[in-house]
Amino acid sequence: MTPTAPTAARAVAAAPSRTAAVRRRRHGAPAVLLAPFFVLFTAATLVPVGYAVYLSLYAEHRSGLGFGGSETVFTGLGNYTRALGDSAFRGGFANLLQYCLLYIPLMMALALVLALLLDSALVRARRFFQLALFLPHAVPGTIAALVWVYLYTPGISPVIGVLNSFGGRSDLLGHPLPAVVNMAVWEWTGYNMVIFFAALQAIPREVLEAAVVDGAGPLRTALSIKIPLIRSSLTVVGLFTVIGSLQLFTEPMILHGTTPSVVSTWSPNMYAYTAAFERHDYGLAAASSVLLALAAAALSFVVTRATRGRGGRARSQHATEAAV
């Protein structure tokens, strides 16, 4: 039985509305699920960043000796020029560069070696060592820094007492950079070791068994098979470590109260903190924070492009070898 002309016309007219309803249902669920993220991202990230940029464009000028009040004046890029022209701010970036060059390779190498050891078949009590190595990260950063300050301080530190009993005079805070690096390595090595270990556990066991059958020893297997297969995890950890290193604040801030070698502007974050809460120069603090954020974004971009390019060349090389 063939439909009449009016019925066919109604069906044709209703088809676009049904398609639109299906499309709305298809896109409605993801929008509802993503809405909380975008709301929180806007409230916790975009709004503070926008407000910081706004503050960085203004400065407070006080008249006379300050008894006549103050007025907010638009300075444009004046606060950025002041920050970049301040030797203390540039010195903070120099300290941060030395910290990154020492901390990042040391921490990542140690975390990777520990993960490879835990992944080997020779390790017993694997769960115990995982928990023991991860526990330092569970300690809040401020408490961990206070514990290390106690171990660094002459006169009360048992470690310094033992070292001085041999006739020497140890001053672990005379050069604060190794002390700060040691705190960070102690706190973050176990955390990143867990990430590397999880990536190693995801490697197909048949690949490792084939390497053993081909005569590869543990060291050759680790260098030629395991590490290349977890390159993506190495990239992610390296990227997050770079971003976290640029936010260095807690460890040097705790040391600042115990040793004169760590000044109030030792790192860029400390410079911004001092400008905001000690000098009450919120425009300068906001400008230095924006400059630090731009440096973190630029460095993250460089790290991402460098690792992506290296990964792309490796994949093309593997494809060429497979084709041959």
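**Exercise 1. The loop before helix 13**

Work out where Asp281 sits in this predicted model, and decide whether Asp281 is buried or exposed.

*Solution.* Start with the chain position: Asp281 falls in the loop that links helix 12 to helix 13 (282-323). Next, check accessibility. The relative accessible area of Asp281 is 17%, and the cut-off for buried is under 20%, so Asp281 counts as buried. Finally, look at what surrounds it. Once neighbours within four places in sequence are set aside, Asp281 touches Arg82, Ala275 and Ala276.

**Exercise 2. A residue with an odd backbone angle**

What is notable about the phi of His280, and is His280 buried, partly exposed or exposed?

*Solution.* First, the location: His280 also belongs to the loop between helix 12 and helix 13. Now the backbone. Most residues other than glycine have a negative phi. His280 is not a glycine, yet its phi is positive, at about 55°. For accessibility, His280 comes out at 48%. Partly exposed runs between 20% and 50%, so His280 lands in that class.

**Exercise 3. How enclosed is helix 12?**

Count the buried residues of helix 12 (residues 268-277) and say what they imply for its surroundings.

*Solution.* Go along the helix and pick out the buried positions: Pro268, Met270, Tyr271, Ala272, Thr274, Ala275 and Ala276. That is seven of 10 residues, so helix 12 is largely enclosed by the rest of the structure. For context, buried residues account for 31% of the chain's 324 residues.

**Exercise 4. Finding the cores**

Which residues have the most contacts inside the largest nonpolar core, and which helices each supply at least two residues of it?

*Solution.* The largest nonpolar core holds 49 residues, and Tyr99, Tyr103, Phe196 and Leu255 have the most contacts within it. At least two residues apiece come from helix 3, helix 5 (141-152), helix 7, helix 8 (205-213), helix 9 (218-229), helix 10 (231-246) and helix 13. Zoom in on Tyr99: beyond its neighbours within four places in sequence, Tyr99 contacts Ile104, Leu177, Val180, Val181, Ala184, Ser245 and Leu248. There is also a second, separate core of 11 residues, with Ala275, Ala276, Ala285 and Leu291 among them. Two names here should ring a bell: Ala275 and Ala276 are contacts of Asp281.

**Exercise 5. Helix 3 and its two partners**

How does helix 3 (residues 87-119) cross helix 7 (residues 176-201), and how does helix 3 cross helix 4 (residues 126-138)?

*Solution.* Take helix 7 first. The axes of helix 3 and helix 7 come within 7 Å, crossing at roughly 40°. Angles under 35 degrees would count as roughly parallel, so helix 3 is oblique to helix 7. The handedness of this crossing is right-handed. Sorting the residues of the contact gives 23 nonpolar, five polar and one charged.

Now helix 4. Here the axes come within 10 Å and cross at roughly 165°. Since over 145 counts as roughly antiparallel, that is how helix 3 runs relative to helix 4. This crossing is left-handed. Helix 3 brings Leu114, Leu118 and Asp119 to the contact, while helix 4 brings Arg126, Phe129, Gln130 and Leu133. By type, they split into four nonpolar, one polar and two charged.

**Exercise 6. The whole chain**

Tally the secondary structure and say what share of the contacts between residues at least 6 apart join residues at least 24 apart.

*Solution.* The chain has 13 helices and two strands. Of its contacts between residues at least 6 apart in sequence, 63% link residues at least 24 apart.

Terms used. Residues are numbered from 1 along each chain as its sequence is written. This is a predicted model: local features need pLDDT of at least 70, side-chain atom pairs count only at pLDDT 80 or more; totals for chains, interfaces and linings use all residues. Side-chain values use heavy atoms; hydrogens and water are left out. Axes are lines fitted to C-alpha atoms, for helices over the stretch in contact, and angles run from 0 to 180 degrees between N-to-C directions. Helices (H or I, at least four residues) and strands (E, at least two) are DSSP runs, numbered from the N terminus. Angles under 35 degrees count as roughly parallel, over 145 as roughly antiparallel, 65 to 115 as roughly perpendicular and the rest as oblique. A crossing is left-handed if the near helix is turned anticlockwise from the far one by less than a right angle, and right-handed if clockwise. Ala, Val, Leu, Ile, Met, Phe, Trp, Tyr, Cys and Pro count as nonpolar, Asp, Glu, Lys and Arg as charged, and the others, Gly among them, as polar. Buried means under 20% relative accessible area, exposed over 50%, partly exposed in between (1.4 Å probe, protein chains only). Contact means heavy atoms within 4.5 Å. A nonpolar core is a set of buried Ala, Val, Leu, Ile, Met, Phe, Trp, Tyr and Cys residues joined through side-chain atoms within 4.5 Å.
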